Amino acid sequence: MKPCVALVAANDYHPAAVEQALARLMHELGGMSTFVQPGQRVLIKPNMLAGKAPDKAVTTHPEVVRAVIRMAQAAGGIVSVGDSPGIGSPMEVARHCGIMAVIEDTGAKFAPFCDSVRVGTVGRTFRQLELARDILDADVIINMPKLKTHGMMGLTCSVKNLFGAVVGMRKPALHLQAGADKSLFALMLLELAEHIRPALTIVDAIVGMEGNGPGSGEPVSIGALLAGSEALAIDSVATRLVGMTAADVWTQRLAQQTQRLGSHLADIELRGDDLEKLAVPRIRAAQSSDTAWGLPQWLHTPLRRSLSARPYADRHLCRQCGLCVKHCPPQAMRLAHDRLHIDYRCCIYCFCCQELCPEGALLTHQGLLLRLTRWINERNQ
Ligand code: SF4
Ligand code: SF4
C-alpha cells in the first residue's frame with residue numbers, strides 16, 4: 001500500500017490559524033483518534049536542538065506543539081513532551097524555546113530524556129544502541145520536526161529528528177562510529193527511524209531554516225504543515241516542497257539507493273493541498289553540505305578535501321568557550337595559544353561543532369570541486 005502524506009497551507013503562528021490548519025491536516029488522515037486512543041501514553045518529540053527563541057527557527061514552534069498537545073489530549077491521550085538537545089539541559093532548552101510554557105499551560109508532562117535503555121541490534125549499522133526511556137515507554141510517539149537545512153545531511157526533517165531519541169553524549173559516539181562516511185550515517189538514521197517507527201509525524205514547515213542549518217541558518221517562510229505515519233515519505237514530500245532533490249539530502253539518496261518504500265514521490269499518496277502549488281523556490285543549502293558527483297566510492301577519499309567543506313573558527317567570533325572541543329566526536333579540536341585548532345586528519349566532517357557553537361563562530365571553507373559544482377548549479381537555475 002502506498003504511504004500517505006497530508007499537506008496543508010499554513011502561513012503564520014497565530015494560535016487560531018495553527019489550530020485551524022492542524023484540524024484540516026489531521027482531517028485528511030482520519031483525525032487524531034486514528035492515532036491516539038483514550039488512556040494511551042503519548043510522547044511528543046519536537047526538535048529542541050538548542051535554547052533559542054522561536055523566531056530563530058531552530059526549534060519546533062511552541063504554537064504548533066501546543067495545538068498538537070491539545071488535539072492529542074482531546075483524543076484521550078496522556079501527553080508528555082521531550083527531546084534530548086544538542087547542548088544544555090532539556091529543561092533549560094525547553095524553557096528558552098518556549099515549549100516549557102505550553103507544556104505548563106496545557107497540563108502536559110515534561111519528559112526529561114535523561115535516562116537511556118540499551119536496545120538490541122538495530123538494522124545493519126548499530127553495534128549497540130541506547131535510546132531514551134521516555135521514547136521506549138510511550139504507547140504512541142508523535143514526531144514533530146522543524147524543516148531545516150542541515151550541514152551534514154542536507155536537510156533535517158522527519159527521519160533526522162528521531163536522532164534526538166539518542167540521549168546526550170551518546171550522539172557523538174554514533175557520529176564516530178560512522179566516521180566520515182555520510183552514507184553510513186544516513187543509513188543509521190534510516191534504520192533508527194524504522195526502529196522507533198513513530199505513529200504520526202507532524203512537520204512544522206510554516207517557517208523553516210535555510211543556509212547554515214540546523215543551528216545557525218536564517219528563517220525562511222515555507223508556509224505549510226505536513227503529516228503522515230511514514231517518516232521517509234514525509235521527507236520525500238518535504239524535499240520537493242523546498243525545491244531540493246534526493247541528490248541534495250543524504251537520507252533520501254540512501255533510501256532511494258536501498259529502494260525503500262516512500263523514497264520516491266511516485267510511491268506516495270498525497271492528500272490535502274497541491275504540493276506543486278505550495279512548493280517554494282529552492283532554499284539556500286548549508287555551506288557545508290557537500291557533493292559526491294556520482295563518483296565511485298574509491299575516489300571519495302583522495303578527493304575528499306576538494307569535494308567537501310570543512311569547518312574553521314573565526315578568530316573574532318570565537319570566545320574559546322570550549323563547547324565544540326568537548327563535543328567533537330573524534331576529539332579533533334583543541335584550544336591552545338588563544339586559538340581554536342582543528343586537526344583535519346581526524347575531522348569526520350560531521351559539523352556537530354557548527355551545530356553547537358553558540359556564537360556562530362564556526363565557518364565553512366568549501367573545497368575547489370564543491371565550489372565549482374555550486375557555481376555550475378547556480379548558473380543552471
Ligand atoms: S568555536 Fe564556538 S563553541 Fe568552539 S570554542 Fe569558539 S565559541 Fe566556543
Ligand atoms: S572538527 Fe567539527 S566537523 Fe570535524 S569532527 Fe570535530 S565536530 Fe565534526
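**Reading a two-domain predicted model**

Analyst: Let's start with one helix in this predicted model. The buried residues of helix H10 pack against four elements: strand E9 (154-156), helix H6 (158-161), H8 and H9.

User: Which residues of H10 are the buried ones?

Analyst: A general idea helps here. An α-helix has 3.6 residues a turn, so residues three or four places apart point the same way. In this case, the buried residues of H10 are Trp250, Thr251, Gln252, Arg253, Leu254 and Ala255. That is 6 of the 8 residues of H10, and the helix is mostly covered. Just after H10, Gln259 has a positive phi of about 55°.

User: What leads into H10, and where does Gly243 sit?

Analyst: Gly243 belongs to the loop that links helix H9 (231-241) to helix H10 (250-257).

User: Is Gly243 buried, exposed or partly exposed?

Analyst: The idea is to count C-beta atoms around the residue: 20 or more within 10 Å would make a residue buried, 12 or fewer exposed. Gly243 has 13 such neighbours inside 10 Å, so it counts as partly exposed.

User: Which residues does Gly243 contact beyond its neighbours within four places in sequence?

Analyst: Gly243 is in contact with Ala279, Val280, Pro281, Arg282 and Ile283. For Ile283, which is 40 residues away along the chain, the C-alpha separation from Gly243 is 6.6 Å.

User: How should I read the largest nonpolar core, and which members touch the most others?

Analyst: In soluble globular proteins, nonpolar side chains tend to be buried together. Here the largest nonpolar core has 116 residues, and the members touching the most others are Val68, Leu225, Leu226 and Ala238. Helix H8 (residues 182-196) is the biggest contributor, giving 9 residues to this core. Both domain 1 (4-278) and domain 2 (297-380) supply residues, so the core lies between them.

User: What does Ala238 contact, leaving aside neighbours within four places in sequence?

Analyst: Its partners are Leu147, Leu155, Cys157, Val203, Ala205 and Leu226.

User: How do the two domains meet?

Analyst: The size of an interface is often given as the accessible area lost when the parts come together. Here we can look at residue counts instead. The chain divides into domain 1 (4-278) and domain 2 (297-380), with 26 Å between their centres over C-alpha atoms. Each side brings residues to the contact: 13 from domain 1 and 13 from domain 2. On the domain 1 side, 6 are nonpolar, 7 are polar and none is charged.

User: Now the ligands. Which residues come closest to each?

Analyst: Ligand 1 is surrounded by 13 residues, with Cys318, Cys321, Leu323, Cys324 and Cys357 closest. Its shell splits into 9 nonpolar, 2 polar and 2 charged residues. Around ligand 2 there are 14 residues, and Cys328, Cys347, Cys350, Cys352 and Cys353 come nearest. The shell of ligand 2 has 14 nonpolar residues, with no polar and no charged ones.

User: Finally, how does the overall fold look by the numbers?

Analyst: A radius of gyration can be set against the value for a compact globule. For 381 residues that value would be near 21 Å, and the protein chain has 20 Å, which agrees. The C-alpha atoms fill a box of roughly 55 × 40 × 40 Å along the principal axes. The secondary structure comes to 16 helices and 16 strands, and 51% of the 381 residues are buried. Among contacts with a separation of 6 or more, 74% join residues 24 or more positions apart.

Terms used:
Residues are numbered from 1 along each chain as its sequence is written. Chains are lettered from A and ligands numbered from 1 in the order in which they are written. This is a predicted model: local features need pLDDT of at least 70, side-chain atom pairs count only at pLDDT 80 or more; totals for chains, interfaces and linings use all residues. A residue is near a molecule or strand if its C-beta atom, placed from the backbone, lies within 6 Å of it. Ala, Val, Leu, Ile, Met, Phe, Trp, Tyr, Cys and Pro count as nonpolar, Asp, Glu, Lys and Arg as charged, and the others, Gly among them, as polar. A nonpolar core is a set of buried Ala, Val, Leu, Ile, Met, Phe, Trp, Tyr and Cys residues joined through C-beta atoms within 7 Å. Helices (H or I, at least four residues) and strands (E, at least two) are DSSP runs, numbered from the N terminus. Domain bounds come from an automatic or database domain assignment. Two residues are in contact if their C-beta atoms, placed from the backbone, lie within 7 Å. The radius of gyration is taken over C-alpha atoms; the globule rule is 2.2 Å times the number of residues to the power 0.38.
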